[in-house]
Amino acid sequence: MANWSPTGCVRSATCGPASIRCRCGPRKPIPEQRRPLGYLGRGAVSPTIFLGSMFGKARLAFTNGVLSTQWLSRALEDAGIKVGQRDKIRAELQRPGSKIRAYLHGEVPDVLTSLMKRAKAEGGTVRLALYELGDDELCKAIIDAEDVVEVILSNSGRDEQTKAWDAGNAPFRKRLRDAGVVLTDRLFNNNHIGHNKFAV
């Protein structure tokens, strides 16, 4: 399947690796415009290039993010959830098999967990520095790899409703520590967080 988008680019898939080519040149005038744009030439179509997740030995992945507000509001409506129902939205984003969750996270969970799987398979180690940990899938992956992983975990921000400090990270911090994961706390006694988000 391939369709030209409003940006002038066409791709062969909606997510993941894809072939893409772009059309450069003046756009067709919108009928209701009082002053139609003039055409300076026929434009040109670029050669087709392949967009994959590998760049040399590096693997790239991006989330779609909750800023996809129009799509997200429609998807929530289809799932019977109203915008503003925070607890139901949070539960849906955590639910394994959720189409909304899968769309928003893209290939990122697979990339993150692959680092730990590779460390276990090849005898390596992974050191994670995180400022938020609120995902069951990632927490389980860290626990499953507890013999090859070390974590620095900052405090989460203050909860908007309860005003509790570190409310988001605290239960996951306890789970990691109870499972024997080597864990270093990086905690701030003010309204700041340690904005770490990397793995080595």
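Which residues of helix α5 (residues 136–144) are buried? The legends below take up this point first, then turn to other views of this predicted model.

**View 1. Helix α5 and its buried residues.** Leu138, Cys139, Ala141 and Ile142 are the buried residues of α5, which spans residues 136–144. They sit on the same side of α5, because they cover an arc of only 160° around the axis. Four elements pack against these buried residues. Two are helices: α4 (108–122) and α6 (170–178). Two are strands: β8 (126–130) and β9 (149–154).

**View 2. The start of α5.** Here the side chain of Asp135 meets the backbone of Glu137. A side-chain oxygen of Asp135 comes to within 3.1 Å of the backbone nitrogen of Glu137. Asp135 also appears in View 4, among the residues closest to the centre of the largest pocket.

**View 3. Ser154 in strand β9.** Is Ser154 buried or exposed? Ser154 counts as buried, because its relative accessibility is 1%, and the cut-off for buried is under 20%. Its contacts beyond four places in sequence include Leu130 and Tyr131. Asp166, Asn169 and Arg173 also touch Ser154. So do Arg186, Leu187 and Phe188. Ile193 and Gly194 complete the list. The strand that holds Ser154, β9, is one of the elements packed against the buried residues of α5.

**View 4. The largest pocket.** This pocket holds about 2,100 Å³ of space. Its lining counts 47 residues. Closest to the centre are Gln94, Glu132, Leu133, Gly134 and Asp135. Which helix gives the largest share of the lining? That helix is α2, with six residues. Helices α1 (69–78), α2 (86–94), α3 (99–105), α4, α5 and α6 each supply at least two lining residues. Strands β8 and β11 (197–199) each do so as well.

**View 5. The largest cavity.** A search of the whole structure finds one cavity of 30 Å³ or more. About 40 Å³ of space lies in the largest cavity. Its lining includes Asn155, Ser156, Gly157 and Arg158. Trp165 lines the cavity too. Asn190, Asn191, His192 and Ile193 complete the lining. Ile193 is also in contact with Ser154, the residue of View 3.

**View 6. The whole chain, for orientation.** The protein chain has six helices and eleven strands. Of its 200 residues, 24% count as buried. The accessible surface comes to about 14,300 Å², and carbon and sulfur atoms hold 57% of this area. Among contacts with a separation of 6 or more, 55% join residues 24 or more positions apart.

Definitions and conventions. Residues are numbered from 1 along each chain as its sequence is written. This is a predicted model: local features need pLDDT of at least 70, side-chain atom pairs count only at pLDDT 80 or more; totals for chains, interfaces and linings use all residues. Side-chain values use heavy atoms; hydrogens and water are left out. Buried means under 20% relative accessible area, exposed over 50%, partly exposed in between (1.4 Å probe, protein chains only). Contact means heavy atoms within 4.5 Å. Accessible areas come from the Shrake-Rupley method with a 1.4 Å probe; for residues, only the protein chains shown count as cover. The arc is that of the directions from the helix axis to the C-beta atoms. A polar contact is a pair of N or O atoms within 3.5 Å; within protein, one must be able to donate a hydrogen and the other to accept it, and residues adjacent in sequence count only if both atoms are side-chain atoms. On a 1 Å grid over the protein atoms alone, a cavity is a set of points where a 1.4 Å probe fits but cannot get out, and a pocket is an open set with protein on both sides within 12 Å along at least five of seven lines; lining residues have an atom within 4 Å of a point. Grid points are joined across faces, edges and corners, and a volume is the space filled by probe spheres set on the points.
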